[in-house]
Amino acid sequence: MSPDCLNRSSLLSKPIASSTGDGIMSLAGSKWAERRKNLNPTFKQNVLLSFLPIFNAESKNLVAFLDSLVGQGEKKVQDDIVRWSFRIATQTTVGTDVKQEAAFKNDSVLRSFETLMKIIVMNVVLPFTHNKLISTLSGFQMEKASAQTKINKMIGTIVDNKLVSKPKSDSHPEFSSVINKTLELHRNGEMSVDEVRSECGSMVAAAFETTGVTVFHALTLLAMFPEHQDTIYQELKELFPMAGDFEVTYDDLQRMVYLERVLSEALRLIPSVPFTPRETTQDFRLSTGVVIPKGLTIAVDIFATHRNRDHWGPNPSMFNPDHFLPDNVRDRHPYAYIPFSKGRRNCIGWKYGLMSSKLALSKILRNYKVSTSYRYEDLEFVDNMGMKLAQSPGLDEKYFVKMIVMQLLIAASIILWSLFLWSRRKLYLLILQLPGTMGLPLIGNSIRYLIIGKRNMSIRTRYMDRYGSTYLSWIGTTPILITRDPKIAEEVFTSPLCINRSSQTTNAMALSMGNGLLTLQGSKWLARRKQMNPAFKHSILVSFLPIFNAETDLLVSFFGSNVSKGEVDVLPDLIRWSFKIATQTTLGTDVTKDASFKDDTILKSYQSILRHTIINIFLPFVQNKIVSKLFGLERMRARDVSEINKMINNVLDKKMNSSNANNCESELRTVLHWALELFRNDEISLMELRAECSSMVLAAFETSAHTVYHALVLLAMFPEHQEMVFNEIKEHFPLAKHFEVTHTDLQQLVYLDRVLNETLRLMPSVPISARETLQDFPLSNGVVIPKGMLIVVDIFNTHRNSDYWGSEAAQFKPENFLPKKIQDRHPYAFVPFSKGKRNCIGWQYGLMSSKLALVKILRNYQLRTSFPYENLEFVDHMVMKMNQSPQLAFQRRTS
């Protein structure tokens, strides 16, 4: 009530003004008072009644949409209800002309408003993100500008059209809407055109999401408490005997007494705005005697006020519409229930919100019974511009937590960052010549890529479409050049100046795996590669065929249990198959006797290590042990490393103490045997021996598993190619079930080769290859890459570069690997295993095991999937994965 607390907190009003312009939501003092007085007529009773045709028409459309969901089980509908609310808010604010705007029809302006709301919340919670420099570096300024442009374009077009047209008469139903009232003020010289646009935009922003979530929350509560829903239904049935479409009048709304109590209770438990912050303009004394200094923010916590047991009884969190029986309302403090704030600066549109919400609920609940399996006690609430549920559709509950972490790191490091920039000024002068995106200080593009983009590879594709096939990005403080150009890939892969892998990648892997072939650099790597090459000779790989055959037979037998079960997730079984092969061909069959091997403990440890490594690559500061301990990562990493080393040590002890220590001719010549030989010759330490074995398992098992899985998925999506593969296999193996596959057999399966290559093109098992320059490195395009900078060959996008793969580069076409097409294509347009001196040492191993598995599976089963190819989304990992893994259905081949 106090005139000293009339202003909204500047922590809130400044971000609002920055995003939507100065309007009634952000103005302060006398300017706000004048604007409120000017706009009050737009929310008079007769104006609200003139909106009823819009409320009815749009609610009819919402009901028609909900009809399509009947009988389909539980569906996420919040986004659709918010869309309904947005359509009402825009029409009642700027007029029905808006329906003709393309941006209104395709929801792009709705998404723009939602973007601004998220940015406003972030600016409120973390005020320093409102700084334009930080906002620009983080990329949010560009998002905000894009959203503002779309909104201003739509509203500006309508404002301009109304300015050149004659003012409508007082009798027109839209005369007193916000746009018409503000245009009247503009014509009287009281508002600028920009202020008209801002007021219209801020009114839409204030109205649509609050009303939408109010309706959604009321429906959610009624679905959880069906007895109250039944009472409402009986009330509505008396008013509207016939279901279907009906017009709701103001008199009808007044008669919905029980629905009004339910709506009030919904707004009590889940108020559309959870708190209201006011800023003191003078020292302000509370009734408690405490004096609040001038300029301090006082936040009235509406959510907690509505659950204060001193005013709502011993069970204030329970859903009880009887709270709003007349006697209960009369006996309660008038400020115990304030869903729309109160006093002079209450919500100007509170009657509008209640009327539109009540009307929508009446139409929905008269036509449908709603239910949910979600329990009331499991509801979790999160702050936003409008209150939301943690499990609500479209809300990532981790978004702001992760953003807080990111921005706190920025704030703590800003001075160090400035010094760091100055120390590397010569480097930045060179790299500023390159196109690309800078990202955030100390973090680069990691947060945007890992959290906001969820490692989606389409982000890099979009950057390449925007900046060209070679562009600049950042991981942490390291600038990286990313390319999909085969010519540059050739220069990088063949140059001795780019022989080293990214130190961020190798350091991250070495933390868990130790120093082996995967992590060594320079001359040490060259020496180790030379020493380990014999472990992957052709004769050695052929000697692994009995293991490949035996483990694949077990896999094929296991898949028999999936027949006629519909679509199932087979990726975990393929990973287990590949892991069993990788460990045996690396460590020998002794490993199968280890308990941790049998119960998958060791497999889970390797998968956990892969996740740690990804985090360490994209957020290099967590490689620091202190930071890692603070985040709880160090304890998990140490546990996983201990499990892996325990198993490897068991195998090593047996090998070192066996009578065959110096005579291994009778055993498989696995990686362990070659590494043991180096150890006995004092060429590597025991720690390096263990690291070599461990890293080889890590490198092999997930890549092979995903290659097989991706090939099966594609063949299930394209059955015509699956049949061609099957017919080829059947010619060589007339009988299904168990059969031995030889190396000669594999060489003769030409069409399967093409399918496997096309799979590796579209879904390369390792989607990128990162190299670090040892010296300044001149590219053929004239750009000199400074020493110590990363060059990333984006294998995924190289394989989809339309300049080399044609206009249908993203389509599954095994004919891409016909001999003539291979001959005519740049040799570095297809690099699934990298290329040059530092290519994948086990590429032939991977192809052989993958191809053999496909032969046995496809000879025995026909596969199908309902997942459409065009819905595939790809994400980066140590190996490439899909955002949503398609499931496969198995049908046994009878001939």
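Modeller: Buried means under 20% relative accessible area. The model discussed here is a predicted one.

Biologist: Why is Ser512 called buried?

Modeller: The relative accessible area of Ser512 is 8%, and the cut-off is under 20%, so Ser512 counts as buried. Ser512 belongs to helix α24, residues 503-513.

Biologist: Which residues does Ser512 touch, not counting residues up to four places away in sequence?

Modeller: Ile609, Arg637 and Val641.

Biologist: What makes Arg187 partly exposed?

Modeller: Its relative accessibility is 38%. Partly exposed lies between the buried limit of 20% and the exposed limit of 50%, so Arg187 falls in that class. Arg187 is in helix α10, residues 178-187. The C-alpha atoms of Arg187 and Leu163 are 8.9 Å apart, with these positions 24 residues apart along the chain.

Biologist: How many aromatic pairs does a search of the whole structure find?

Modeller: The search finds 36. One of them is Phe324 with Tyr337, whose ring centres are 4.7 Å apart and whose planes stand at 65°.

Biologist: Why is the pair of Phe324 and Tyr337 called edge-to-face?

Modeller: Rings pair if their centres lie within 6.5 Å, and planes over 60 degrees apart count as edge-to-face. The values 4.7 Å and 65° meet both conditions, so the pair is edge-to-face.

Biologist: Where in the chain are Phe324 and Tyr337?

Modeller: Phe324 is in the loop between α16 (309-312) and α17 (326-331). Tyr337 is in the loop between α17 and α18 (350-367), and the two residues are 13 residues apart.

Biologist: How do you know that Phe324 and Tyr337 are buried?

Modeller: Phe324 has 11% relative accessibility, and Tyr337 has a relative accessible area of 19%. Set against the limit of under 20%, Phe324 counts as buried, and Tyr337 does so too.

Biologist: What makes Arg332 a charge that sits over the ring of Phe324?

Modeller: The charged end of Arg332 is 5.4 Å from the ring centre. The distance limit is within 6 Å, so 5.4 Å satisfies that part of the test. Lys856 likewise lies over the face of Phe739, at 5.4 Å from the ring centre.

Biologist: At what angle do α32 and α34 pack, and why are they called roughly perpendicular?

Modeller: Helix α32 (residues 633-657) and helix α34 (residues 686-717) pack at about 115°, with axes 10 Å apart. Angles of 65 to 115 degrees count as roughly perpendicular, and α32 and α34 are therefore put in that class. Their crossing is right-handed. Residues of α32 at the contact include Ile644, Ile648 and Leu652, and those of α34 include Leu686 and Leu689.

Biologist: At what angle do α37 and α41 pack?

Modeller: The angle between helix α37 (residues 750-762) and helix α41 (residues 843-860) is about 120°, with axes 11 Å apart.

Biologist: What makes α37 oblique to α41?

Modeller: Roughly perpendicular ends at 115 degrees and roughly antiparallel needs over 145. An angle of about 120° fits neither, so α37 is oblique to α41. This crossing of α37 and α41 is right-handed. Leu752, Asp753, Leu756 and Leu760 in α37 meet Leu847, Lys851, Leu854 and Val855 in α41.

Biologist: How many helices and strands does the protein have, and what percentage of the 895 residues is buried?

Modeller: There are 41 helices and 18 strands. Buried residues account for 55% of the 895.

How values were computed
Residues are numbered from 1 along each chain as its sequence is written. This is a predicted model: local features need pLDDT of at least 70, side-chain atom pairs count only at pLDDT 80 or more; totals for chains, interfaces and linings use all residues. Side-chain values use heavy atoms; hydrogens and water are left out. Rings of Phe, Tyr and Trp (its six-membered ring) pair if their centres lie within 6.5 Å; planes under 30 degrees apart count as stacked, over 60 as edge-to-face and the rest as tilted. Helices (H or I, at least four residues) and strands (E, at least two) are DSSP runs, numbered from the N terminus. Buried means under 20% relative accessible area, exposed over 50%, partly exposed in between (1.4 Å probe, protein chains only). A charge sits over a ring if NZ of Lys or CZ of Arg is within 6 Å of the ring centre and within 35 degrees of the ring normal. Axes are lines fitted to C-alpha atoms, for helices over the stretch in contact, and angles run from 0 to 180 degrees between N-to-C directions. Angles under 35 degrees count as roughly parallel, over 145 as roughly antiparallel, 65 to 115 as roughly perpendicular and the rest as oblique. A crossing is left-handed if the near helix is turned anticlockwise from the far one by less than a right angle, and right-handed if clockwise. Contact means heavy atoms within 4.5 Å.
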